[in-house]
Amino acid sequence: AHQARINSVVESLTKAPRKVDFPQKNGHVQPISEIFGQNVFSRNEMSKMLPKPVYKTFVQTLKGNHTMDKVTADAIAHAVKVWAIERGATHFTHWFQPLNDCTAEKHDAFLTLKSSFVDGSEVVTAIDTFSGSQLLQSEPDASSFPSGGMRSTFEARGYTVWDTKSPMFIQEGPHGTSILYIPSVFISYNGEALDEKSVLLRSAEVLERLALEVLNIIEPKDAENRTELVYTTLGTEQEYFLIDRSLYTLRPDLKITGRTLLGGLPPRHQQLEDHYFGKIPTRVLSAISECELELAKLGVPIKTRHNEVAPAQFEVAPIFEEALLAVDHNLLTMDVLHRVAHRHKLKVLFHEKPFRGVNGSGKHCNWSLSTDKGDNLLDPSAAPETNYRFLIFLLATLKGVNDHGDLLRAGVASASNDHRLGAHEAPPGIISAFLGSQLTEVLDAIEENRPVNYGAAGLELQHVRVKGTVLDLKVANLPPISRDLTDRNRTSPFAFTGNKFEFRAVGSKQSPSFPVTLLNSAVAKALTEILADLKAEKGDKPVASVEDQLVVIRKYIKLTKDIRYEGDNYSDEWVQEAAKRGLANITKSPDAFLRLLRKGNTDMLKDMGVFSDVELNSRYHILVEKYAKDITIEAQTMITMVIQQVLPAAYQYRRDLAEAASFMKNIGVEASPEIDLLNELTPIVANLQKDITSLKYLMVELIQVQDIVQLADKCCNLVIPKMEIIREYADKLERNVADKLWPLPKYTELFLNI
Ligand code: ADP
Ligand code: MG
């Protein structure tokens, strides 16, 4: 009998939640606001610890007005060393984001040996040092990171360079020590991007510069409160699954590939919709609160936690921040969740589709632009129809998505996200944008040159238009509430949600960096076009008048109509409609990756200075290779599981049945029902064995395929369908073989509300 599985199930139900000690003050838990950021070498900390002129120079370098000099770097290095060592730091590390959806670090000790000569003989002293040049750059042996052929071995050098915009922080090391983290970019010897971060920085810079130019042409301000900076904002809603760790250890597929390759749906899963927003299970809540505590210390502003739709699925969301920081913080959130879950004997799954048949996980990227005065450029305000600044930025975003929707699709493609995009709960492979009925009416009215008719849009709101509208609850003792300008459409891959766009197609496992980079670039490109049109309209005048702006707005409403869709994105009707509109419907990753190389996309990315040809090609190859490797690993894992676990369980059961039948026959019972069951199993087992053998041969053949693009296509068109068939048979066996013989924890058990 499969005692391991049964023990784990019992254990998972009886484990007590781990006790977490929150810092106390005056006999109660200390407010999180007082703990927030205590492990961050923040600007505040810097301004306290650095000599005034040094801090001033640093602020100038942040604004791009000054390059970091040796004196400043040395002073900062010294200050951060003192700060970190006071907090138990023994090591420092450049922390960077290579092209593998992970973060990378290599620790160096502060320890240095200094030798001097006393009376003619050498005396060695141990000291802690950290220099400006160690702070600024490091040279990890970078030849083992993916580069898509960009770094040939003779120039396998890579450099990590401190990203001054993201603050340094310490994280717990072993035994009460800590480690100083220096957020960094990772570039090749020739300055090419080898990471997620450098392209994100480039795209943010160009977008922010162009947005500022547009602002200056439509609303010149007196020198006093002129917008000096625009920045991209990002808030990432992270979905994930949490399951019991000992059950997890019995699933090779989860351990190796992050998803279940086998396993059927139990009779009860998500159909009662009783998990979503339900009470968070005690063990999970205990783990999540410890995560939040750790993240608070790291300055990650976690705001929201709740159960998600699928059983054992949850979500965590922060307060939005400048995109560069938000990306670092999302990666830290994933890392902390991973580590803390372990302490609670839980396992976090970030895969987009760990379980077939229930909802997968996404990472909704809420995106907008903000000025240094705190104005959100995508805030429609009370009367969007006369808020031309809002309309221009809204249309720029739509134009970017309209022209480069296929590129955005490429940015979220992966073997794992393929299971989610297009499945019943997630946006399809068609990129479109949802605006809601009010904004749709505003754009339609402007296009048709008529007054806005909210009544016709079913809104009847003309009179109340202060920050949304008031909703009558029809119960006297409830306070009036205001409602948002937009309704909701969960099916849209790219939805306007009140004062920001929400890019929902992004996968839960991937770094938000690449999709946001592509979005930034596409919108930046649209802004160059809008800028040119505004300039043409205004002629010699210092600024574009409202009439000039309206001409441009009307033009872009017309240009972006095709990308707007308010209906059900999951419907077949939309698939047909989208085809009529000429929108790409890309269901498989290898096709999506190719869009990275479409001329319209490469030209745009080069024009915006975000990617070079070499970098784009390398990206393409890295993504294709990763896809092929992911699927190859899945296939190999499936082969092992079927041969070593599924088939032996089936054969054992058949043997049990045969023994029972022969026993019956011995005592004179003819035609025992065991024989019928045995006969029923025979074709399933025979087919499974045949198909697993043919998958094995296929995988051997594929080892010969040198060209990775060809390999990826074969994985997509030959391996995946074969795996589907095998799964059907294996899952049939799961339903028919005696439970006590089944080695793999089943979905019901993995979904247990721990
Ligand atoms: P939901 O989309 O489920 O309603 P919320 O309204 O809580 O979720 O917001 C989702 C995320 O959007 C949060 O992380 C929030 O900080 C972020 N967000 C809100 N405003 C902006 C903005 N202007 N720019 C970027 N992100 C934003
Ligand atoms: Mg949301």
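**Helix packing, core and local geometry**

In this predicted model, helix H12 passes helix H15 in a left-handed crossing. The two helices pack with their axes 10 Å apart and at an angle of about 30°. An angle under 35 degrees counts as roughly parallel, and H12 and H15 therefore run roughly parallel to each other. H12 covers residues 388–411, while H15 is made up of residues 546–559. On the H12 side the contacts are made by Tyr-388, Leu-391, Ile-392, Leu-395, Lys-399 and Asn-402. These residues meet Val-546, Gln-549, Ile-553, Tyr-556, Ile-557 and Leu-559 of H15.

Ile-392 also leads into the surroundings of Val-214, since Val-214 touches Ile-392. Beyond four places in sequence, Val-214 has further contacts with Leu-527, Ile-530 and Leu-531. Val-214, Leu-527 and Ile-530 come up again in the largest nonpolar core, a set of 193 residues. Together with Leu-180, Ala-211 and Leu-242, these three are the residues that touch the most other members of the core. The largest share of the core, 14 residues, is contributed by helix H19, which spans residues 613–666. Where does this core lie with respect to domain 1 and domain 2? Both domains give residues to the core, so the core lies between them. The domain assignment places domain 1 at residues 36–194 and domain 2 at residues 626–750. Taken over C-alpha atoms, the centres of domain 1 and domain 2 are separated by 51 Å.

A further set of helix pairs involves H19, H20 and H21. H19 packs against helix H21 (residues 708–736) at an angle of about 25°, and their axes are 9 Å apart. H19 and H21 are therefore roughly parallel to each other, and H19 passes H21 in a left-handed crossing. Helix H20 (residues 673–703) gives H21 another partner: the axes of H20 and H21 come within 10 Å and cross at roughly 155°. That angle makes H20 roughly antiparallel to H21, because angles over 145 degrees are counted in this way. The crossing of H20 and H21 is left-handed.

The H20–H21 contacts can be followed residue by residue. Which residues of H20 meet H21? They are Leu-681, Ile-684, Asn-687, Leu-688, Asp-691, Ile-692, Leu-695, Leu-698 and Leu-702. Their counterparts in H21 include Leu-711, Leu-718, Val-719, Ile-725, Ile-726, Tyr-729, Ala-730 and Leu-733. Lys-714, Lys-722, Lys-732 and Asn-736 are also among the H21 residues that take part.

Attention now turns to helix H11 and the segment that follows. Ala-341 lies in helix H11 and counts as buried, with 22 C-beta neighbours inside 10 Å. Apart from residues within four places in sequence, Ala-341 is in contact with Leu-242, Ala-287, Leu-346, Lys-347 and Val-348. Leu-242 is one of the residues named above for touching the most other members of the largest nonpolar core. Ala-341 and Arg-490, 149 residues apart in sequence, are 29 Å apart from C-alpha to C-alpha.

Between H11 (323–343) and strand E17 (346–349) is a loop that holds Lys-345. Is Lys-345 buried or partly exposed? With 19 other C-beta atoms within 10 Å, Lys-345 is partly exposed. Its phi is near 60°, a positive value in a residue other than glycine. Most residues other than glycine have a negative phi. A phi near 60° is also found at Ser-381, which lies in the loop between strand E18 (363–371) and H12. Ser-381 has 16 C-beta neighbours inside 10 Å and counts as partly exposed.

Phe-350 sits in the loop between E17 and E18. This residue counts as buried, with 21 C-beta neighbours inside 10 Å. Setting aside neighbours within four places in sequence, Phe-350 is in contact with Tyr-240, Met-334, Ser-508 and Lys-509. The C-alpha atoms of Phe-350 and His-338, 12 residues apart along the chain, are separated by 9.1 Å.

Finally, Glu-105 belongs to strand E5 (residues 104–105). Its 18 C-beta neighbours inside 10 Å mean that Glu-105 counts as partly exposed. Outside four places in sequence, Glu-105 is in contact with Thr-93 and Trp-95. Glu-105 and His-94 are 11 residues apart along the chain, and their C-alpha atoms are separated by 6.0 Å.

Terms used. Residues are numbered from 1 along each chain as its sequence is written. Chains are lettered from A and ligands numbered from 1 in the order in which they are written. This is a predicted model: local features need pLDDT of at least 70, side-chain atom pairs count only at pLDDT 80 or more; totals for chains, interfaces and linings use all residues. A nonpolar core is a set of buried Ala, Val, Leu, Ile, Met, Phe, Trp, Tyr and Cys residues joined through C-beta atoms within 7 Å. A residue is buried if 20 or more other C-beta atoms lie within 10 Å of its own, exposed if 12 or fewer, and partly exposed in between; C-beta atoms are placed from the backbone. Helices (H or I, at least four residues) and strands (E, at least two) are DSSP runs, numbered from the N terminus. Domain bounds come from an automatic or database domain assignment. Two residues are in contact if their C-beta atoms, placed from the backbone, lie within 7 Å. Axes are lines fitted to C-alpha atoms, for helices over the stretch in contact, and angles run from 0 to 180 degrees between N-to-C directions. Angles under 35 degrees count as roughly parallel, over 145 as roughly antiparallel, 65 to 115 as roughly perpendicular and the rest as oblique. A crossing is left-handed if the near helix is turned anticlockwise from the far one by less than a right angle, and right-handed if clockwise.
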